[in-house]
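Ready for some practice in reading a protein structure? Work through the exercises below with the sequence and the model side by side, and try each task before you read its solution.

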Amino acid sequence: MLCLICLWGCGVPKEPPKENKKETSQQNENAEQLYLILEHDREQQKLKLYAYEDGNEYEYTYADVTLFKDKYDKITTSEDFSTGKIVTIANGDNLGYLLEVRSSPDVWKYENVTRFSIEKEKGIFTIADTKYAIDYQTMLFSNGTLMEWEDISENDTLTVFGEGKKILSVIVTKGQG
């Protein structure tokens, strides 16, 4: 009888196997992975995206059934998704189209930034009196194309996207850049 009780106690798992937890965790991370829009071809319905997590570029096709959503989960149009914007995606219908493109709710956006300074060597981008980190993944755009740090002028007006204290992308909206 004692052997049966011991065997019964050994056969009951107290928690799910660790592999299942890991898979679920990876799926959740992938669902909220941040992407930067490098190009948006509205005519061919394609997005070229940069994945911050692995540093690779990906091209995705979307269709009329693809949902474009703002950071508050409200449906919007694909025109609101331009170069430099930070998004999350839901990939995977049967035909290979994106199911959803959403402005990341974890990313902040400052528009009409005119009071800024950049210390590229130190990895510091200051907006007003607040310092933010920049690195090799911080991308700069002007008129839909990538630009160099040296091309930003103190007379430019910027739109800046970031997460926490890190700047993810900068778009020159007016000025020299």
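**Exercise 1. Aromatic pairs**

How many aromatic pairs does the structure hold, and how are the rings of Tyr35 and Tyr60 arranged?

*Solution.* Please keep in mind that this is a predicted model.

Step 1: The count comes to 10 aromatic pairs.

Step 2: In the pair of Tyr35 and Tyr60, the ring centres are 6.4 Å apart and the planes stand at 85°. Planes over 60 degrees apart count as edge-to-face, so this pair is edge-to-face.

Step 3: Now place the two residues. Tyr35 belongs to strand S1 (residues 35-41) and Tyr60 to strand S3 (residues 57-61), so the pair ties together parts that are 25 residues apart in sequence.

Step 4: Check the surroundings. Tyr35 has a relative accessibility of 7% and counts as buried; Tyr60 is buried as well, at 12%.

Step 5: Look for a further ring. Tyr58 joins Tyr35 and Tyr60 in one aromatic cluster.

**Exercise 2. A second pair, and a charge over a ring**

Classify the pair of Trp108 and Tyr132, and find which residue lies over the face of Tyr132.

*Solution.*

Step 1: The ring centres of Trp108 and Tyr132 are 5.1 Å apart, with the planes at 50°. Stacked needs planes under 30 degrees apart and edge-to-face needs over 60, so this pair is tilted.

Step 2: Trp108 sits in strand S8 (residues 108-113) and Tyr132 in strand S11 (residues 130-133); the pair links distant parts of the chain, 24 residues apart. Both residues are buried.

Step 3: The residue over the face of Tyr132 is Lys165, at 5.0 Å from the ring centre. For another example, look at Phe81: the charged end of Lys85 sits over its ring, 4.6 Å from the centre.

**Exercise 3. Order in a sheet**

Find the order of the strands in the open sheet of 7 strands, and say which strands stand at the edges.

*Solution.*

Step 1: Going across the sheet, the order is S3-S2-S1-S6-S7-S4-S5, and the pairing is mixed.

Step 2: The edges are S3 and strand S5 (75-76); each has a single partner strand, so one side of each is left without a neighbour in the sheet.

Step 3: Zoom in on one pairing. Strand S6 (residues 86-91) and strand S7 (residues 98-103) run antiparallel and are joined by 5 bridges. Here Ala90 stands opposite Glu100 in S7.

**Exercise 4. Two hairpins**

Which residues take a positive phi in the hairpin of S10 and S11 and in the hairpin of S14 and S15?

*Solution.*

Step 1: Strand S10 (residues 124-127) runs antiparallel to S11, with 4 bridges between them. Thr126 stands opposite Lys131 in S11.

Step 2: This hairpin has 2 residues between its strands, and Ala128 in the turn has a positive phi of about 55°.

Step 3: S14 and strand S15 (residues 166-174) are joined by 7 bridges and run antiparallel. Glu163 has Lys166 in S15 as its bridge partner.

Step 4: The hairpin of S14 and S15 also has 2 residues between the strands, and Gly164 takes a positive phi near 60°.

Step 5: Look at the other pairing of S14: 4 bridges join S8 to S14, and the two run antiparallel. S14 is mostly covered, with 6 of its 7 residues buried.

**Exercise 5. Salt bridges**

Where do Arg102 and Asp73 lie, and which residues belong to their salt-bridge network?

*Solution.*

Step 1: The structure holds 10 salt bridges. In one of them, the side chains of Arg102 and Asp73 meet at 3.6 Å, N to O.

Step 2: Arg102 lies in strand S7 and Asp73 in the loop between strand S4 (67-69) and S5, so the pair ties together parts that are 29 residues apart in sequence.

Step 3: Arg102 is buried at 16% relative accessible area, whereas Asp73 is partly exposed at 39%.

Step 4: Try another salt bridge, that of Asp129 and Arg115 (2.8 Å, N to O). Asp129 lies in the loop between S10 and S11 and Arg115 in the loop between S8 and strand S9 (116-119), so parts 14 residues apart in sequence are tied together. Asp129 counts as exposed at 65%, and Arg115 does too at 51%.

Step 5: As for the network, salt bridges that share partners join Lys69, Asp73, Glu100 and Arg102.

Note on methods
Residues are numbered from 1 along each chain as its sequence is written. This is a predicted model: local features need pLDDT of at least 70, side-chain atom pairs count only at pLDDT 80 or more; totals for chains, interfaces and linings use all residues. Side-chain values use heavy atoms; hydrogens and water are left out. Rings of Phe, Tyr and Trp (its six-membered ring) pair if their centres lie within 6.5 Å; planes under 30 degrees apart count as stacked, over 60 as edge-to-face and the rest as tilted. Buried means under 20% relative accessible area, exposed over 50%, partly exposed in between (1.4 Å probe, protein chains only). A charge sits over a ring if NZ of Lys or CZ of Arg is within 6 Å of the ring centre and within 35 degrees of the ring normal. Two strands pair if DSSP finds at least two bridges between them. A salt bridge is a side-chain nitrogen of Lys or Arg within 4 Å of a carboxyl oxygen of Asp or Glu.
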